[in-house]
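Colleague: Could you walk me through this one? I'd like to learn how to read its features step by step.

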Amino acid sequence: NEAESVLLFFACRAGGMTLCPLNWRLAPPELGAVLSDFRPALLVHGAAFSADAATLAEACGARVLSTSDLADARAGAADPGPTRRPPEPESVPLVLYTSGTTGRPKGAMLPNRMLDANAVQTLLGWNLGPEDSTVSAAPLFHTGGWNVMTLPLLAAGGSLGGARPKAGVLDAQGSLWIAKFPSRNDDLDIGSWEYLAHELAR
């Protein structure tokens with residue numbers, strides 16, 4: 001559950017691409033089966049998964065980047081100006097693989113219209129708003145990680161990771177596990193997201 005997962009989701013959504021978060025608990029052969037089915041152009045990994053990521057990326061023909069590479073790209077990004085447009089309702093920014101309990105894992109395609117409808121129903125049902133914040137504890141390779149709180153809370157203008165100012169927790173390898181994301185009232189660094197989407201599309 002690194003902050004980069006959420007940034008990658010919004011970059012993919014803005015650029016008409018698809019994010020497929022992988023279950024880090026799976027063994028490399030199991031991950032290889034998912035990647036063989038999904039066929040990604042790019043595999044992004046945290047520091048703890050460098051060796052496996054290189055092997056898996058080579059097997060599926062994907063480019064490979066670490067989350068620190070993405071942080072460097074964001075740091076050097078220039079704001080290209082206001083180029084935002086609404087995402088296509090039927091575009092699929094997120095694919096989540098099932099656990100495979102009844103057979104091979106299957107990729108569930110989650111289109112923008114479904115994600116938006118879920119976010120609206122959740123924020124209305126729970127009366128979420130910009131003053132709300134939470135820690136995203138559910139795994140982001142699972143629908144609960146995205147649809148139970150993360151996307152609905154961000155849609156409401158709330159924040160993840162606790163109270164302001166920005167806060168995070170680093171593990172022993174230096175990976176960010178809990179992050180605070182800006183609310184609707186904060187200054188958003190849209191330029192960095194658009195630069196990342198551009199780099200992913202190349």
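**Reading the helix packing**

Modeller: Gladly. Let's start with helix α1 (residues 3-15) and helix α6 (residues 143-155), whose axes come within 13 Å and cross at roughly 70 degrees. That angle makes α1 roughly perpendicular to α6. Please keep in mind throughout that this is a predicted model.

Colleague: How should I read a pair of packed helices in general?

Modeller: Two packed helices are described by the angle between their axes and the distance between the axes. Handedness can be added to that: α1 passes α6 in a right-handed crossing.

Colleague: Which residues of α1 and α6 meet?

Modeller: From α1 come Ser-5, Val-6, Phe-9 and Phe-10, and from α6 come Trp-146, Thr-150, Leu-151 and Leu-154. Sorted by class, this contact of α1 with α6 has 6 nonpolar residues, 2 polar ones and no charged ones.

Colleague: Phe-9 is part of that group. Is Phe-9 buried or exposed?

Modeller: A cut-off helps here: buried means under 20% relative accessible area. Phe-9 has a relative accessible area of 0%, so it counts as buried.

Colleague: What does Phe-9 touch, leaving out residues up to four places away in sequence?

Modeller: Phe-9 touches Leu-19, Pro-93, Leu-94, Leu-115, Trp-146 and Leu-151. Take Leu-94: Phe-9 and Leu-94 are 85 residues apart in sequence, while their C-alpha atoms are 7.3 Å apart in space.

**Two further helix pairs**

Colleague: Let me try the next pair. At what angle do α5 and α6 pack?

Modeller: They pack at about 85 degrees, and their axes are 8 Å apart. Angles from 65 to 115 degrees count as roughly perpendicular, and α5 and α6 are therefore roughly perpendicular to each other.

Colleague: And which residues make that contact between α5 and α6?

Modeller: On the α5 side you will find Met-114, Leu-115, Asn-118, Ala-119, Thr-122 and Leu-123; on the α6 side, Asn-147, Val-148, Leu-151, Pro-152 and Ala-155. The class count for α5 with α6 is 8 nonpolar, 3 polar and no charged residues. Leu-151 is worth selecting in your viewer: it is among the α6 residues that meet α5, and it is also among those that meet α1.

Colleague: What about α2 and α3? How far apart are their axes?

Modeller: The axes of α2 and helix α3 (residues 50-60) are 10 Å apart, and the packing angle is about 35 degrees. Here α2 passes α3 in a right-handed crossing. Pro-28, Leu-31, Gly-32 and Leu-35 of α2 make the contact with Asp-52, Leu-56 and Cys-60 of α3. By class, the residues of α2 with α3 divide into 5 nonpolar, 1 polar and 1 charged.

**Cysteines**

Colleague: Cys-60 is in that list. How many disulfides does the structure hold?

Modeller: The number of disulfides is 0. As for accessibility, Cys-60 is partly exposed at a relative accessible area of 22%, whereas Cys-20 is buried at 12%.

**Backbone and loops**

Colleague: Next, the backbone. Which residue should I look at for a positive phi in a non-glycine?

Modeller: One is Arg-39, with a positive phi of about 55 degrees although it is not a glycine. Arg-39 sits in the loop between α2 (28-38) and β1 (42-45). Its relative accessibility is 68%, so Arg-39 counts as exposed.

Colleague: And Asn-127? Where is it found?

Modeller: Asn-127 belongs to the loop between α5 (112-125) and β5 (133-134). This residue, also not a glycine, has a positive phi of about 55 degrees. With a relative accessible area of 63%, Asn-127 is exposed. Beyond its neighbours within four places in sequence, Asn-127 is in contact with Thr-122 and Asp-132. Its C-alpha lies 10.0 Å from that of Leu-153, a residue 26 places away along the chain.

Colleague: One last loop, then: is Gly-158 buried or exposed?

Modeller: Gly-158 is buried, with a relative accessible area of 0%. You can find Gly-158 in the loop between α6 and β6 (159-160). Try one distance yourself: the C-alpha atoms of Gly-158 and Asp-132 are separated by 5.0 Å, with their positions 26 residues apart along the chain.

Note on methods. Residues are numbered from 1 along each chain as its sequence is written. This is a predicted model: local features need pLDDT of at least 70, side-chain atom pairs count only at pLDDT 80 or more; totals for chains, interfaces and linings use all residues. Side-chain values use heavy atoms; hydrogens and water are left out. Axes are lines fitted to C-alpha atoms, for helices over the stretch in contact, and angles run from 0 to 180 degrees between N-to-C directions. Helices (H or I, at least four residues) and strands (E, at least two) are DSSP runs, numbered from the N terminus. Angles under 35 degrees count as roughly parallel, over 145 as roughly antiparallel, 65 to 115 as roughly perpendicular and the rest as oblique. A crossing is left-handed if the near helix is turned anticlockwise from the far one by less than a right angle, and right-handed if clockwise. Contact means heavy atoms within 4.5 Å. Ala, Val, Leu, Ile, Met, Phe, Trp, Tyr, Cys and Pro count as nonpolar, Asp, Glu, Lys and Arg as charged, and the others, Gly among them, as polar. A disulfide is a pair of cysteine sulfur atoms within 2.5 Å. Buried means under 20% relative accessible area, exposed over 50%, partly exposed in between (1.4 Å probe, protein chains only).
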